[in-house]
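Reader: Before we discuss how the terms are applied here, could you put the model in front of us?

Author: Here it is, and the questions can follow.

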Amino acid sequence: MAQIPLGVKTHAQKVCSLYKRALRNLEAYYDRRHVYRYQAVLLRERFDKHAKETNMIKANEFLKEGEEELFLKQHPIPKYFATSPGGVAHERVVTPPDWVLDYWHPLEKAQYPEYFKKREQRKKEFVAMWEKEYGKPDEKDKHH
Amino acid sequence: MCFNSFFFLFFFMLINFFFFVYFIMNGLSVFFEWEIISFNSMNIVMSILLDWMSLLFMMFVSLISSVVIFYSKSYMNSELNLNRFIILVLMFVFSMVLLIISPNLISILLGWDGLGLISYCLVIYYQNLKSYNAGMLTALSNRIGDVMILMVICWVMNYGSWNYIFYFDFMKNDYVMFIISFMIIIAAMTKSAQIPFSSWLPAAMAAPTPVSALVHSSTLVTAGVYLLIRFNYLLIDMFFFKVLLFLSILTMFMSGISANYEFDLKKIIALSTLSQLGLMMSILSLGFPDIAFFHLLTHAMFKALLFMCAGVIIHMMNDIQDIRYMGGLSLYIPLTSLCLNISNLSLCGIPFLSGFCSKDLILEMVSFNSFNLMVFILFYLSTGLTVFYTFRLIMYVMINDFNLMMIYNLYDEDYIMLNSMFVLLFMSLLSGSFLSWFIFSYPYMIYLPFNLKLMVIYVSILGSILGFMVSNMGIYSLNKLLLSYNLSSFLCLMWFMPNLSTYGLSYIYLNFSQILFKNIDMGWSEIYSGKGIFNILKNYSVFYNIYQMNNFKIYLFSFILWFMILFIFFFI
């Protein structure tokens, strides 16, 4: 299937994303916090210089140059958090989703009688709470 | 389960120790042979060789594995599948013991293959994407070595049996031995991660830390060195040993440089293991198998200890392995930092620790026997690099400013983990002298000029000064200049060899197979078999359906047709 865009990003979102990635890149290079803070302030100043640009063509060009510069200067071993995507411990411990409990054998369910007694009631209460906050779902959304 | 296996392996270690002392003092060597089948002229025998080398290695393997299992009782506490883990580790130890005691190639193959497959199961123990990729890399790299051993088995059949130890002194100039030696060296290189096959060792750090301590520091990766030590009499004058020297020195140098740029704690230790493996292989290829064995054993001790300390640090930091998050930990885990420091200093070859006995001996033998200038330079440079990254690691982790959140204050040093580390600490302090008294019945006669003798100390001091400087200054800011950015990327990513040997080798084939799959499997073969025949049959049946629709025109037409046929047949 041809590439259907999943959403349209505004210019402000793109700039903020570039800024955050650039800060993470700086964090990978400078690990002592005070050194990093100094470099982050310098980076912020570079971004602030062109922040009030009203000409969109120039603004897009700055954004493109910024992306290019980030790509050329990205750290070969970026600093990730361990449980985030890209980190070492990502998805080590996987929690099964809640609907798996509905597929348990009755003998297994009998090992936890108190919980399963109230489970149906809790499901109804959950649905009621959801609909109170977000409203009823559209009929067209219930079937592919 | 943990305590039972710990006690069993510990007593096994004690038994091996007593037999080792008895055997080496009396110069004994025992060879058991069981005949399984004897049929016409064919014999299948199972043999076991127990000499001092195998008993000593078994003692060290069982000591490290017992301590690691005890350690993993506390480290893997939150694992639901701890029994599976312990059983895998026990199977690993069993394969290793089978490899150590076997004088014939078939049981070596059983042990060798077992090591490779079980290390795959252990690397993919945490089932996330990184572990799967790392496991694939480990298993496939080791598989190349397995194939080489299989081919050696075929070639050795020329001589009538698989007991290789009987053929060394008699068959040196044979062409078959030439081929066998080539394949054995390639097999050892895959297992011990020398240069073309070195990408799996840093990647295998996706395994749990007890696995790294046992498998990737002392047992699996030394199996290749052990195989070459056993085959040493065959290989000693062959050309391939020079190739092995070249490749192992490059491995030593490359991993020393990469460890300086690396920021993942376990990967730094993995690269230091790789560097020491290169050292072992190179001294073996220079013709000193007993020194290589000595370094193998001392290295096993302090490297396992180092991995266990790294495990404590990782536990403390909530699974973070990046050293950029760490700093000033020595105040919070004093006993663990004691073990870390001693094993690091032993790795550097600081005088009178165990690493010093083996490493210094190796470097003095290299200086004493006159070899190539490049060999000399790279040996000493790699030693300096070892000290460099060691001190960098100590600075980042232990000494530098306190870096991370209040998370450190929540940790108590676990007595189970500490007890297991103290056993290895004791051994890592004393095993150097203890082994040198046993293995070398007379010391090597080394006669060096004064400055050459002290060259190790000079290089170590230089390395330590550089290590302190690099961690203190913001020298990494220079990497932002594009001129040195490319160089530092090249050096930190292990000279791009992992990328070349994984993505580089498989990209063309995967691309081609995608083309084949889309065009043939999902394209033309669907038209000519699956969907196509279905469509043809469907269209034919739609067509023939017309004749079953009780169409009057068809009946009239068939009546006229039949009439014409009869007319032609009877009147012409």
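**Helix packing and the chain contact**

Author: In this predicted model, α12(B) passes α13(B) in a left-handed crossing.

Reader: Why is this crossing of α12(B) and α13(B) called left-handed?

Author: The term applies when the near helix is turned anticlockwise from the far one by less than a right angle, and the crossing of α12(B) with α13(B) is assigned to that class. The helices involved, α12 (residues 289-316) and α13 (residues 334-348) of chain B, pack at an angle of about 145 degrees, and their axes lie 9 Å apart.

Reader: Which residues meet where α12(B) and α13(B) are in contact?

Author: From α12(B) the residues include B:Phe302, B:Leu306 and B:Ile313, while those of α13(B) include B:Cys339, B:Leu340 and B:Leu347. The residues of this contact divide into 9 nonpolar, 4 polar and 1 charged.

Reader: What makes the count of salt bridges between chain B and chain A come to 0?

Author: The rule requires a side-chain nitrogen of Lys or Arg within 4 Å of a carboxyl oxygen of Asp or Glu, and across this interface it finds 0 such pairs. The side of chain B that touches chain A nevertheless has 8 charged residues, along with 12 nonpolar and 9 polar.

Reader: How many residue pairs between chain B and chain A are in polar contact?

Author: The count is 8 residue pairs, with both residues at pLDDT 80 or more. Helix α18 (residues 482-492) of chain B gives the most to the side of chain B that touches chain A, with 4 residues.

How values were computed: Residues are numbered from 1 along each chain as its sequence is written. Chains are lettered from A and ligands numbered from 1 in the order in which they are written. This is a predicted model: local features need pLDDT of at least 70, side-chain atom pairs count only at pLDDT 80 or more; totals for chains, interfaces and linings use all residues. Side-chain values use heavy atoms; hydrogens and water are left out. A polar contact is a pair of N or O atoms within 3.5 Å; within protein, one must be able to donate a hydrogen and the other to accept it, and residues adjacent in sequence count only if both atoms are side-chain atoms. Helices (H or I, at least four residues) and strands (E, at least two) are DSSP runs, numbered from the N terminus. Ala, Val, Leu, Ile, Met, Phe, Trp, Tyr, Cys and Pro count as nonpolar, Asp, Glu, Lys and Arg as charged, and the others, Gly among them, as polar. Axes are lines fitted to C-alpha atoms, for helices over the stretch in contact, and angles run from 0 to 180 degrees between N-to-C directions. Contact means heavy atoms within 4.5 Å.
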